[in-house]
Amino acid sequence: MSAQTPILRAMNLTMHYGARAAVDDASFDLWPGEVLAVVGESGSGKTTLLNCVSARLKPDAGSVEFLTRHEGVVNIYALSEAARRLYARTDWGYVHQNPAEGLRMNVSAGANVGERLMALGERHYGRIRGEAAQWLSRVEMEAGRIDDSPVTFSGGMRQRLQIARNLVTRPRLVFMDEPTSGLDVSVQAKLLDLLRNLSHQMQLAAIVVTHDLAVARLLAQRMLVMKSGRVVEEGLTDQVLDDPQHPYTQLLVSSVLQP
Amino acid sequence: MNPALRIRGLAKTFVLHNQGGAELPVLYGVDLDVHPGECVALDGPSGAGKSTLLKCIYANYRASSGAIVVNDGARDIDMAAASARELIALRRDTLGYVSQFLRTIPRVSALDIVAGPLLETGGGEAEVARDARREAEQLLLRLRIPIRLWSVPPATFSGGEQQRINIARGLIRAKPVLLLDEPTAALDADNRITVMAMINEARAAGTAIIGIFHDQRVRDAVATRVVDMAPFQRAQPATPTGA
Amino acid sequence: MKIRDNPELSVRDTGPKTGNKTGYNFAYLDERTKRMIRRAILKAVAIPGYQVPFGSREMPLPYGWGTGGIQVTAAIIGPDDVLKVIDQGADDTVNAVNIRRFLQRTTGVATTGCTTEATLIQTRHRIPETPLAEKQILVYQVPLPEPLAKLEPREAETRVMHSLAEYGLMHVKLYEDIARHGHIATTYDYPVMVDGRYLMAPSPIPKFDNPKMHMNPALQLFGAGREKRIYAVPPYTKVESLAFDDFPFEVQRWDDACALCGATDSFLDEVITDDQGGRMFVCSDTDYCTQRLNAEAADEAAHEPKRSAA
């Protein structure tokens, strides 16, 4: 079923750091249930773009529109701080590259997952704990670790906890910054599988920033290629990877090592 | 009856920017109609652009020019000009594609790969998933994939087994148009016959099929028409492009 | 009018009418400082539970010894006030004695140990057992005014959380307690919601005292000298201790009664009496205990003449 309005629309985003344009006139649409990969090398501006569209970094120019559940389309930078923070807690998710940045390392896994519920007014300990336990099992973590601190978790487990923490409020839009980088390949595979399944089951719209083309192919139906702040190519993931048009994309694709 | 697939003036030239902008023309002026119930076999030597044509139709390659028109059930859409979003929907509901090689995803079992196109339609409900897997099992049985392999990711399967997984995945959900790229290349006689039967069943159900069949026996058994690629070959330029 | 002529603004006011013979201004602080603190207090009263920053002055005690409470008291005390100072419920501990003496010397006001006689009570870590009345003021000494500080060390973030009433994090802490200990383990400085809007740290009073803050007829003021914050709970304000629906707020209970006065409804201190593990429980609030003993003695005395007559 196709919806008429994109869930996220970025228009002519520009962000300067001094004289340099980290993001230069970038635009794209994202539709409900669709995963978009943003690929590029270091310094391409992909993370800056992600932060601009996830309300973490106000761009110098351009606008970002979000299709809310009940209030139509809103310009996210025209919202009040309170409204933005509310969306960030409910309808949006943000998965950091380093899971420690997206978790409270000094509280238990259960508290990490339950926090958003408590922030939204859930006041029944038993229910909070029950939901937290459910989500931990959904991200394939042992139920017995619900009271453990993430300090005792491996990188892969922390990342899965971060995902659970974000998804507990069933957001419709998730932003991911290199969600699998730094993890062992087998752990990566497990995490990618989880992300693939969850995004399909929950019909998540997601923007995944990655420098790994294989991750893009696995997770995303569409792809943007960025170089020096500009979007140089855009299209179906398999098309961009198998028939790259732009010289930079061709260079990128041909540079990937095959094991 | 209207064609299920209409190709007009399709051309494809690869431009290799990192090799000094060298151009590789592959296809030129492709005009082709495929009607429901037809099975068109593309004929030509290796390198004639048969796979390229299929990939252009599937939008795996971007056509350099021309139109590829299909009907999504409500209206005609030119795939060469469609948005990514429209293409995703068309691939899900209107076009099936069996590529030459199976692309495996780590940790996803053979059964789930085959059931994938049916699982996509459901919203993750348990009943839909159950039915999808049951159908996938039927196909795998028919294609003689041992039961012990059903829960195994196909990365370690033989070439023939992988190909059968690919075919099952491509055929499990009937779509108006089906693209087949060497579906029987690595198969033994029994499986080849099974696949031929499956193709004919699809054709009988009204699917419009374009395929590449190197094996003459298969071609004879399934093709209703043979199309020669020679007219679509772009004449090679006498000198390398530079001007 | 020149500044020097205006008694309100003069730096030194050592007139004998105030009873202050120290050479410092009345109540030690200069008038400008008092005005600044009163402004902060007014703002605090207008926004119950909200932490108002103020220019905390150098006091003759170091941080951590009640300078915030003293500054609040000094800013509002007048010559007709009757001052009571308690520390952990007792009038006669070293800190209570020192603070009371300091304020008495610099103001000349009357002091008392009797809760009902006092107009102004400065306290560290307890609320008096005797219920307070309208027109009384209770000044709390506060070490850490920010209830979220241990969970979110960034002040920039906690300020935003207060302004947007985003208090889920406090419930995270309570959740953690229950997960780790099976019950909410916080027993003092137990966080409260004031007037349904601001999350407040009531200072390290035992949670036993929390219910006393709710709809209290007296004005409650809170001063944190090191952290430079003042906040307030006006009379008859809603103050609710945080909890979960299935883990409600509970106060401490003792099996024993006060060994001196027999009270079963007050906060009891445990006193070790010997090296063999002997101990007894006595009221932490010395005035409350004393009043009860006096009442008992008066009661007995009222019955005695009968016996002696017999």
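In the predicted model, A:A55 adopts a positive phi of about 70 degrees at a position just after helix α1(A). The helix that precedes this residue, α1 of chain A, comprises residues 46–53 and is mostly covered, with eight of its eight residues buried. These buried positions are A:K46, A:T47, A:T48, A:L49, A:L50, A:N51, A:C52 and A:V53.

Chain A as a whole contains nine helices and 10 strands. Its radius of gyration is 18 Å, close to the 18 Å that the globule rule gives for 259 residues, and chain A is therefore as compact as a globular protein of that length. The C-alpha trace of chain A extends over about 55 × 45 × 40 Å along its principal axes. Of the 259 residues in chain A, 51% are buried. Where contacts in chain A link residues at least 6 apart in sequence, 64% of them join residues at least 24 apart.

Within chain A, a helix pair was examined in terms of its packing geometry. Helix α5 (residues 155–167) of chain A packs with helix α6 (residues 185–201) of chain A at an angle of about 15 degrees, and their axes lie 10 Å apart. Because of this angle, α5(A) is roughly parallel to α6(A). The crossing in which α5(A) passes α6(A) is right-handed. On the side of α5(A), the contact is formed by A:G156, A:Q159, A:R160 and A:L167, while α6(A) contributes A:V187, A:K190, A:L191, A:L194 and A:L198. Sorted by class, the residues in the contact of α5(A) with α6(A) are five nonpolar, two polar and two charged.

Chain B has seven helices and nine strands. The radius of gyration of chain B is 19 Å, close to the 18 Å expected from the globule rule for 243 residues, so chain B is as compact as a globular protein of that length. Along the principal axes of chain B, the C-alpha trace spans about 60 × 40 × 40 Å. Buried residues account for 39% of the 243 residues in chain B. Among the contacts in chain B with a separation of 6 or more, 72% are between residues 24 or more positions apart.

A helix pair was likewise characterised in chain B. The axes of helix α3 (residues 110–121) of chain B and helix α5 (residues 159–171) of chain B come within 6 Å, crossing at roughly 25 degrees. This angle makes α3(B) roughly parallel to α5(B). In this pair, B:A110, B:I113, B:V114, B:G116 and B:P117 of α3(B) meet B:I165, B:A168 and B:R169 of α5(B). The contact of α3(B) with α5(B) comprises six nonpolar residues, one polar residue and one charged residue.

Contacts between chains were also examined. The contact of chain B with chain A involves 16 residues from chain B and 21 residues from chain A. On the side of chain B that touches chain A, nine residues are nonpolar, four are polar and three are charged. Chain A is also in contact with chain C, through 16 residues of chain A and 14 residues of chain C. The side of chain C that touches chain A consists of seven nonpolar, two polar and five charged residues.

Note on methods. Residues numbered from 1 in each chain as written. Chains lettered and ligands numbered in written order. Predicted model: local features only at pLDDT ≥ 70, side-chain atom pairs only at ≥ 80, totals over all residues. Axes fitted to C-alpha atoms, helices over the stretch in contact; angles between N-to-C directions. Helix = DSSP H or I, 4+ residues; strand = E, 2+ residues; numbered from the N terminus. Parallel < 35°, antiparallel > 145°, perpendicular 65-115°, else oblique. Left-handed = near helix turned anticlockwise from the far one by under 90°. Contact = placed C-beta atoms within 7 Å. Nonpolar A, V, L, I, M, F, W, Y, C, P; charged D, E, K, R; others polar. Rg over C-alpha atoms; globule rule 2.2 N^0.38 Å. Buried ≥ 20, exposed ≤ 12 C-beta atoms within 10 Å, placed from the backbone.
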